Amino acid sequence: MLGDNTRRDIVIVGAGPAGLTAAMYCSRMGRRVLVVDKAAAGGKAASTDLIENYPGFPQGITGADLMQRMRDQAFRWDAEFQNWEVTNVRQVPEGFRLSGKTSAMTCRAVIWCAGTRERRLGVRGEERLTGRGVSYCATCDGPLYRGRRVAVIGGGDSAIAGALFLSRLATKVWVVHRRQQLRATKVLQERARQCDNLEIVWNSVVTEIVGEDRVRAIALKNLETGHSQLLEVDGVFVYIGSVPNTEPLRGVARLDEGGYVVTNETLETSCPGLFAAGDVRRTPLRQVVTAVGDGAIAAMSAEHFLASQE
Ligand code: NAP
């Protein structure tokens, strides 16, 4: 039993690959650990179709399966999980006070692994039609578009992986990209090229998502020619990158111009006792494999921090 129910040694915010790894390390070292996430444990990786670049699974593994395994392992020791959103972080004499609408917690150290959320297009119709044809998750909503036509917006790994997944369900997939060159890795680009029902609309942006109760079409503008067209689709999957979940850290730790947490090589932030790991920090690579490494380093650093105070 953990004793005092409102205090912990370490609170880990975010239960994706970084947070779950940190939880495993911290709890195995005998710390009283709480993991808080506003959603179910697993993070964004849990809704990834197939993860082919996580070592140990030569045939690949589904995101759901991999994250289930990480969850099982993370909570094998004494780590506890709570489901609420941390919206405020402040330093107090005991360490940190984390609070949200439904709960609050005091702890000595924090590992911030809150990840990123999808960037929105910000065009007319997007908000109104979200959940009615506009989606940010192909693996979650793709099966609704079996036998239909869809568009994927973006040219990175997420867009192309999403488009390839959708191509197995939809009759036609258009990928709308604002440039003439994809950002996605070569292996995904090659698969996209070989996919019969996938077509790339180059140099184009979405200016409006059209529909009354459901998506009916997207309005596109070609940035080279200025030409506008209406593309009739039943669904739109937006994959134009991410925004870090760092709002509660503003004024507490240093963030870069994109809002990502700045850390040193031991993943300390500018605020002693506050560490950051995974996609949420400024880092050259955001993948499951790097998040897992981050989680381990941040946990060790938090342990050193606590030990130095004892
Ligand atoms: P990303 O690499 O940042 O790509 C975002 C894409 O959206 C880019 O092609 C960008 O265009 C486009 N874009 C950005 N803002 C836009 C706007 N306002 N309007 C239209 N297009 C816009 O994001 P991501 O694909 O989500 O990937 C994020 C990270 O996760 C990457 O490190 C990626 O490698 C990783 N990831 C890896 C895998 C995998 O390994 N299988 C799968 C998913 C994600 P430009 O190219 O012109 O900038």
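Let me begin in the middle of the fold, where strands β11 and β12 run parallel and are joined by five bridges. One of the places where this pairing can be followed residue by residue is Ala-151, whose bridge partner in β12 is Trp-174. I should say at once that what we are looking at is a predicted model, and I will keep to what can be computed from its coordinates.

On its other pairing, β11 is joined to β17 by four bridges, and these two strands also run parallel. Ala-151 appears here as well, with Val-236 as its bridge partner in β17. Putting the pairings together, we have an open sheet of five strands with parallel pairing, in the order β10-β17-β11-β12-β13. The edges are taken by β10, residues 134–135, and β13, residues 198–201, each of which has a single partner strand, so that one side of each is left without a neighbour in the sheet.

Let me stay with β12, which covers residues 172–176, and in which five of the five residues are buried. If you look at the two faces of this strand separately, you will find Lys-172, Trp-174 and Val-176 on one side and Val-173 and Val-175 on the other, and both faces are covered.

From there I move to the edge strand β13, where Glu-199 is placed. Why does Glu-199 count as partly exposed? Its relative accessibility is 37%, and because the partly exposed class lies between 20% and 50%, that value puts Glu-199 in it. Leaving out residues up to four places away in sequence, Glu-199 touches Lys-172, Val-173, Trp-174 and Val-175, and these four are among the buried residues of β12 that I have just listed. For a sense of distance across the model, the C-alpha atoms of Glu-199 and Thr-283 are separated by 32 Å, with the two positions 84 residues apart along the chain.

A helical position for contrast is Gln-189, which is found in helix α5, residues 186–194. Gln-189 counts as buried because its relative accessibility is 8%, and, once neighbours within four places in sequence are set aside, it is in contact with Leu-182 and Ala-184.

There is also an antiparallel pairing that I would like to show, between strand β14, residues 204–210, and strand β15, residues 217–222, which are joined by six bridges. Within that pairing, Ile-209 has Ile-218 as its bridge partner in β15. The two strands form a hairpin with six residues between them, and in the turn Gly-211 has a positive phi of about 160°.

Now to the aromatic side chains, of which a search of the whole structure finds four pairs. Phe-75 and Phe-81 have ring centres 6.1 Å apart and planes at 75°, so this pair is edge-to-face. Phe-75 counts as partly exposed at 24% relative accessibility, and Phe-81 likewise counts as partly exposed, at 30%. Another edge-to-face pair is that of Tyr-145 and Phe-237, with 5.5 Å from centre to centre and 80° between the planes. This pair links distant parts of the chain, since Tyr-145 lies in the loop between α3 (138–141) and β11 (149–153), while Phe-237 belongs to strand β17 (residues 235–238), 92 residues apart. Both Tyr-145 and Phe-237 are buried.

Two arginines are placed over tyrosine rings: Arg-120 lies over the face of Tyr-136, at 4.1 Å from the ring centre, and the charged end of Arg-286 sits over the ring of Tyr-260, 4.0 Å from its centre.

Let me finish with the chain as a whole, which has six helices and 19 strands. Its radius of gyration is 21 Å, close to the 19 Å that the globule rule gives for 310 residues, so the chain is as compact as a globular protein of that length. The C-alpha trace spans about 65 × 40 × 35 Å along its principal axes, and buried residues account for 52% of the 310. Of the contacts between residues at least 6 apart in sequence, 59% join residues at least 24 apart. Finally, the accessible surface comes to about 15300 Å², and 48% of that surface belongs to carbon and sulfur atoms.

Terms used
Residues are numbered from 1 along each chain as its sequence is written. This is a predicted model: local features need pLDDT of at least 70, side-chain atom pairs count only at pLDDT 80 or more; totals for chains, interfaces and linings use all residues. Side-chain values use heavy atoms; hydrogens and water are left out. Rings of Phe, Tyr and Trp (its six-membered ring) pair if their centres lie within 6.5 Å; planes under 30 degrees apart count as stacked, over 60 as edge-to-face and the rest as tilted. Buried means under 20% relative accessible area, exposed over 50%, partly exposed in between (1.4 Å probe, protein chains only). A charge sits over a ring if NZ of Lys or CZ of Arg is within 6 Å of the ring centre and within 35 degrees of the ring normal. The radius of gyration is taken over C-alpha atoms; the globule rule is 2.2 Å times the number of residues to the power 0.38. Contact means heavy atoms within 4.5 Å. Accessible areas come from the Shrake-Rupley method with a 1.4 Å probe; for residues, only the protein chains shown count as cover. Two strands pair if DSSP finds at least two bridges between them.
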